[in-house]
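Open the model in your viewer and keep the selection panel handy. We will walk through it one selection at a time.

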Amino acid sequence: MERPPGAAEPKVELRNVGLRYFGREGETEALRDISLAIAPGEFVAIIGQSGCGKSTLLSLISGILGPTSGDVLIDGTPVAGPSRKVGYMLQQDYLFEWRTILENAVLGAEIQGADMTRARERATQLLTRYGLGQFLGHRPRQLSGGMRQRVALARTLVTGPDIVLLDEPFSALDSQTRLALSDEIAEILRREAKTAILVTHDIGEAIGMAERVVVLSRRPGQIKSDRPIRFATPDGRRPAPFAARNAPEFNGYFNTLWQELEVHVEG
Ligand code: ADP
Ligand code: MG
């Protein structure tokens, strides 16, 4: 893939990536021939049905897994293992009950052997900004699901990654909390100019949060479509995820993506 002269180098690039798992039950081809380039600061959603390889794709970008074929590059350099450039936010918040909120938020920094005074300062700043300033000394169980996910976001951002991977981060939350939090998180990631890759099986969430949606086929996951999501607004700015649901373009995108996802009720 030749880049036109002057085009920015992709932040994340996958070139003909395939991944097979080898296990006792034999071989599973999870992903096949995935090519994808994501620009710095871009917010991309990846949607697909359960088991189509979405989490596997994020593991490849984070360097937890290496591809069976093809190349994964960050800033033009092949990924050789987990790096500080990448932060990972998961469906489960994985907060530890024996640690306070602040101690949970600095966990990633601690694992990376970062300067802990600096990490605590930064965590306090982020938690305060996310409305959790009163809860620094609390335990996770004292917080609601939405608050816990904000702590998880703070933990992801404390280490200052350029790229944030979000693996169905809202799926354990009720639908109101989910909408409010997706608004907040999309805004935070845009304001901080992070490159964000959101994995979800929620079409509305993908359209609302991302400026580009990639659909994966059923296993082995292959790219079925890759399209920009644009809204005409008076001020030219992207609407917040909640407002996007009322935009005239929303239903058109939803119907197209719904058909591409080939959702069938099984049973
Ligand atoms: P998704 O996140 O889209 O639900 P995953 O990336 O978790 O899908 O998994 C893709 C496929 O690979 C699934 O069929 C899953 O069962 C299989 N898989 C995932 N992890 C492993 C593993 N460690 N060993 C064997 N198969 C796996
Ligand atoms: Mg998954």
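This tour looks at two domains and the place where they touch.

A note before starting: this is a predicted model, where local features need pLDDT of at least 70, side-chain atom pairs count only at pLDDT 80 or more, and totals for chains, interfaces and linings use all residues. Residues are numbered from 1 along each chain as its sequence is written, chains are lettered from A and ligands numbered from 1 in written order, and side-chain values use heavy atoms, with hydrogens and water left out.

**Stop 1: the domains.** Select 40-65 + 77-85 + 161-267 and colour it as domain 1, then give 95-160 another colour as domain 2; these bounds come from an automatic or database domain assignment. Their centres, taken over C-alpha atoms, lie 24 Å apart. In contact (heavy atoms within 4.5 Å) are 15 residues from domain 1 and 14 residues from domain 2.

**Stop 2: the buried surface.** Together the domains bury about 1200 Å², 61% of it on carbon and sulfur atoms; this is accessible area (1.4 Å probe) lost on putting two parts together, summed over both. Now pick R84, P161 and E192 in domain 1: they lose the most area to domain 2, together 38% of what that side buries.

**Stop 3: a salt bridge.** Keep E192 and add R122: the two form a salt bridge, with their closest N and O atoms 3.9 Å apart. The count between the domains is three salt bridges, each a side-chain nitrogen of Lys or Arg within 4 Å of a carboxyl oxygen of Asp or Glu.

**Stop 4: helix 6.** Finally, select residues 175-191, helix 6, which gives the most to domain 1's side of the contact, with seven residues; helices here are DSSP runs (H or I, at least four residues), numbered from the N terminus.

Terms used. Helix = DSSP H or I, 4+ residues; strand = E, 2+ residues; numbered from the N terminus.
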